[in-house]
Amino acid sequence: MDKYIFIPLLPLIGFCINIWVGKFFKEKAHWVAILAVLGSFIISVMTFVEVVQGKVINYDVYSWVISGNFKVSIGFLIDQLTAIMLIVVTSVSLLVHIYSVGYMHGDTGYYRFFSYLNLFTFSMLMLVTGNNLLQLYFGWEAVGLCSYFLIGYYFRKKSAADAGKKAFIVNRFGDFGFGLGVFMVFITLGTLHYTDIFANLSKLEGQTINILGVDIRLVTLIALLLFCGAVGKSAQIPLHVWLADAMEGPTPVSALIHAATMVTAGVFMVARFNPLYNMSDTAMAVVALTGAITSLFAATIALVQNDIKRIIAYSTVSQLGYMFLACGVGAYAAGIFHLFTHAYFKALLFLGAGSVMHAMAGQLDIQKMGGLRKYMPITFWTFLIASFSIAGIPGLAGFFSKDEILWLAYNGGTIGKIVWVIGTVVAALTAFYSFRIVFLTFFGKFRGTHEEEHHLHESPSSMTIPLLILMVGAISAGWVGIPPLLGGGNWIGHFLEPVLGHPHVHGTHAEEWMVIAISIVVAVGGIFTAAVMYLWAPSIPLFLGRTFKSIYTVLWNKYYVDELYDYTIVRPTKWLASRILVAVTDAKIIEGIVNGVPKLIAEFGERFRKLQTGFLQHYAMGMAFGLFVIVSLVFIFVKI
Amino acid sequence: MVPLEWYIALSTVIFIIGVTGFLIRRNIIIMLICIELMLNAVNLSLIAFSHYLQDLKGQILVIFVITVAAAEAAIGLAILVALYRNKAVVHTDKLTEMKG
């Protein structure tokens with residue numbers, strides 16, 4: 001057996017141990033989970049080194065399904081793309097596990113929490129390492145399941161249970177399209193293994209399919225169906241509604257979902273299928289525009305929210321939009337690069353927010369915080385670095401990846417120009433709302449109650465150490481992709497080139513300087529505006545809120561998307577369920593059959609019991625009459 | 001030599017007496033006797049046919065029937081005695097426990 005199989009297997013073993021016997025370990029349950037992920041991380045690093053040296057691993061472990069010409073194996077494909085994902089998933093997951101030791105201390109479901117974290121990691125690793133579409137689909141559904149478990153972890157709280165259900169059901173919509181995409185791939189190409197799919201893609205060229213009278217190119221259809229799944233899983237418009245509610249889960253889970261597992265799956269899938277997407281300009285445009293609109297949409301919502309975790313959640317939606325925007329203009333490597341850097345600064349932001357929550361005894365409203373930098377210096381500094389990183393301050397991780405995306409978008413034709421403009425606006429908004437959190441939370445005077453102020457403290461070392469490690473990532477993760485213009489070699493771009501290709505760049509150096517300069521200006525401008533509004537002149541936000549009350553209300557209510565879905569989908573479904581399915585199908589048809597059969601039998605019994613007179617002579621009469629009938633029949637029909 | 005028809009006629013008469021008695025009398029003892037009559041009517045016809053066909057199988061069957069009838073009479077009377085001890089009746093119209 002190769003060591004690669006242990007990358008997903010170790011977390012699975014950890015899950016099995018903890019879910020069955022974890023409750024006997026009490027507060028020691030985390031050892032199993034952490035060791036499992038640590039082992040997985042070490043093997044991932046070893047594998048990464050091998051891949052860097054030029055090795056690509058692709059082999060089948062065993063045949064999973066063989067049915068006619070449908071053959072699928074459990075197998076591993078570890079190329080440059082997967083190797084990067086392995087590092088992201090296992091490293092962030094490991095830090096989240098360690099952080100959870102402090103965060104979940106004293107929780108009654110301690111072992112359960114760690115077993116779910118393990119299962120989540122396993123699912124995501126299966127998703128990224130699989131060498132066929134069905135294994136990807138397995139991981140895809142399994143991370144959906146785990147997100148349901150973990151978002152609804154505090155299942156006694158109704159809002160948490162509802163959020164878990166919402167995440168699962170909203171993902172169903174996307175996964176339905178994804179499932180159809182998988183079917184289409186199998187029907188048209190007869191295989192689900194990546195290498196066979198990509199080798200035969202040219203067969204799809206020129207084929208069209210007629211849907212409701214419209215001819216659609218087959219590649220476009222498959223690409224868009226698969227993208228449906230990505231939209232659900234990576235929380236893009238119109239299926240973004242679950243991610244903000246997912247904040248009901250414990251904070252480490254939010255970090256895990258947002259940084260390492262789950263939401264990045266969509267970007268990974270699109271990048272993995274880049275040969276397919278490259279064949280269809282329509283699909284590419286859809287991906288790019290969906291990403292760009294989502295990033296703008298989510299960033300504007302984040303401007304006015306007050307819940308610290310919700311702001312960061314919308315920031316994730318926005319950044320995922322950025323990644324899709326990159327994929328849509330053909331800059332897959334830049335998208336994966338942003339995924340890589342985003343994982344570290346976003347995990348850091350979430351874990352920092354968790355640390356703040358820990359100190360504030362669960363308080364999430366940033367309007368009720370303030371001045372926390374005095375009480376929790378480590379959390380403050382790490383959070384500040386992460387915010388600088390996401391805002392795109394030169395030198396930090398977020399700057400390089402965001403800049404790479406913007407530059408390649410600028411080169412991407414008309415659509416590229418459009419998404420570049422949107423992306424630049426979003427960069428300004430991102431800087432603004434990120435520093436709105438920083439200034440409201442850590443600066444100024446404390447605005448909470450006196451008891452809360454008394455309770456403020458720095459978090460335990462199991463929580464601060466992961467913060468410090470992630471801070472290193474948030475600073476330096478971008479250094480692997482420094483563009484040549486700034487004296488780097490864009491190592492990650494070249495590393496991913498065999499898998500993801502490299503878009504054609506025809507812009508001049510001057511233009512590249514311009515793009516970089518604009519993105520720096522908007523980032524600094526965003527931070528400066530936030531400082532003015534929340535540090536030096538707190539009356540401005542109030543004034544703006546009053547003056548543009550309608551806009552503020554729309555943003556505060558997240559564009560009423562939840563309400564829209566409530567009226568158009570949730571209520572009709574509930575009506576259908578209660579009025580048709582419960583009232584007619586269940587009460588009338590099912591219960592009618594279930595109750596009707598015994599009633600019929602009882603009815604017959606009631607009639608036939610009259611025959612049972614209790615008089616022996618009646619029975620004897622019956623017997624004699626029966627005998628007479630039989631003898632008569634014998635005489636009539638039997639020829640003697 | 002008595003012809004076969006006479007035996008058949010006698011057997012039929014005895015059988016009909018048995019059936020009629022079984023159907024119209026209400027005393028269980030009489031009804032049991034009527035059952036015996038029916039059995040013996042059949043025995044008679046079996047023996048008559050056996051002799052007529054020169055085949056011993058009929059007579060063997062009669063011996064079986066007599067054996068079974070003896071057992072039946074013993075069990076029937078035993079049930080009757082038990083019934084009488086419990087209910088103090090031998091009249092079937094009074095025994096309507098099974099009425100539906």
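Reader: What makes you confident in chain A, going by pLDDT?

Author: Chain A averages a pLDDT of 88, on a scale where the predictor rates its confidence in each residue from 0 to 100. In chain A, 100% of the residues score at least 70. This is a predicted model, in which local features need pLDDT of at least 70, side-chain atom pairs count only at pLDDT 80 or more, and totals for chains, interfaces and linings use all residues. Residues are numbered from 1 along each chain as its sequence is written, chains are lettered from A and ligands numbered from 1 in the order in which they are written, and side-chain values use heavy atoms, leaving out hydrogens and water.

Reader: Where in chain A is confidence lowest, and where is it highest?

Author: The low end is helix H19 (residues 450-455) of chain A, with a mean of 80, and the high end is helix H2 (residues 29-52) of chain A, at 92. Helices here are DSSP runs of H or I with at least four residues, strands are E runs of at least two, and both are numbered from the N terminus. Chain A has 26 helices and 4 strands on that count.

Reader: Is A:Val267 buried or exposed, and how do you know?

Author: Its relative accessible area is 0%, and the cut-offs are under 20% for buried, over 50% for exposed and partly exposed in between (1.4 Å probe, protein chains only). So A:Val267 is buried. A:Val267 sits in helix H11 (residues 264-272) of chain A. Not counting residues up to four places away in sequence, A:Val267 touches A:Ser234, A:Leu320, A:Met323, A:Phe324, A:Cys327, A:Ile336 and A:Leu339, where touching means heavy atoms within 4.5 Å.

Reader: Why is H11(A) described as largely enclosed?

Author: Because 9 of the 9 residues of H11(A) are buried. Among them are A:Phe268, A:Met269 and A:Arg272.

Reader: And what about A:Ser295, buried or exposed?

Author: A:Ser295 comes out at 0% relative accessibility, so A:Ser295 counts as buried too. A:Ser295 is part of helix H13 (residues 281-302) of chain A.

Reader: Why are H3(A) and H10(A) called roughly antiparallel?

Author: Helix H3 (residues 80-103) of chain A and helix H10 (residues 251-260) of chain A pack at about 175°, with their axes 9 Å apart. Axes are lines fitted to C-alpha atoms, for helices over the stretch in contact, and angles run from 0 to 180 degrees between N-to-C directions. Under 35 degrees is roughly parallel, over 145 roughly antiparallel, 65 to 115 roughly perpendicular and the rest oblique. So H3(A) is roughly antiparallel to H10(A).

Reader: What makes H4(A) parallel or antiparallel to H10(A)?

Author: Helix H4 (residues 110-129) of chain A packs against H10(A) at about 5°, with the axes 12 Å apart. Therefore H4(A) is roughly parallel to H10(A). The contact is made by A:Phe113, A:Leu117, A:Phe120 and A:Met124 of H4(A) with A:Pro252, A:Val253, A:Leu256, A:Ile257 and A:Ala260 of H10(A).

Reader: How many residues of that contact of H4(A) with H10(A) are nonpolar, polar or charged?

Author: There are 9 nonpolar, no polar and no charged residues, with Ala, Val, Leu, Ile, Met, Phe, Trp, Tyr, Cys and Pro taken as nonpolar, Asp, Glu, Lys and Arg as charged, and the others, Gly among them, as polar. The contact of H3(A) with H10(A) has 11 nonpolar, 3 polar and no charged.
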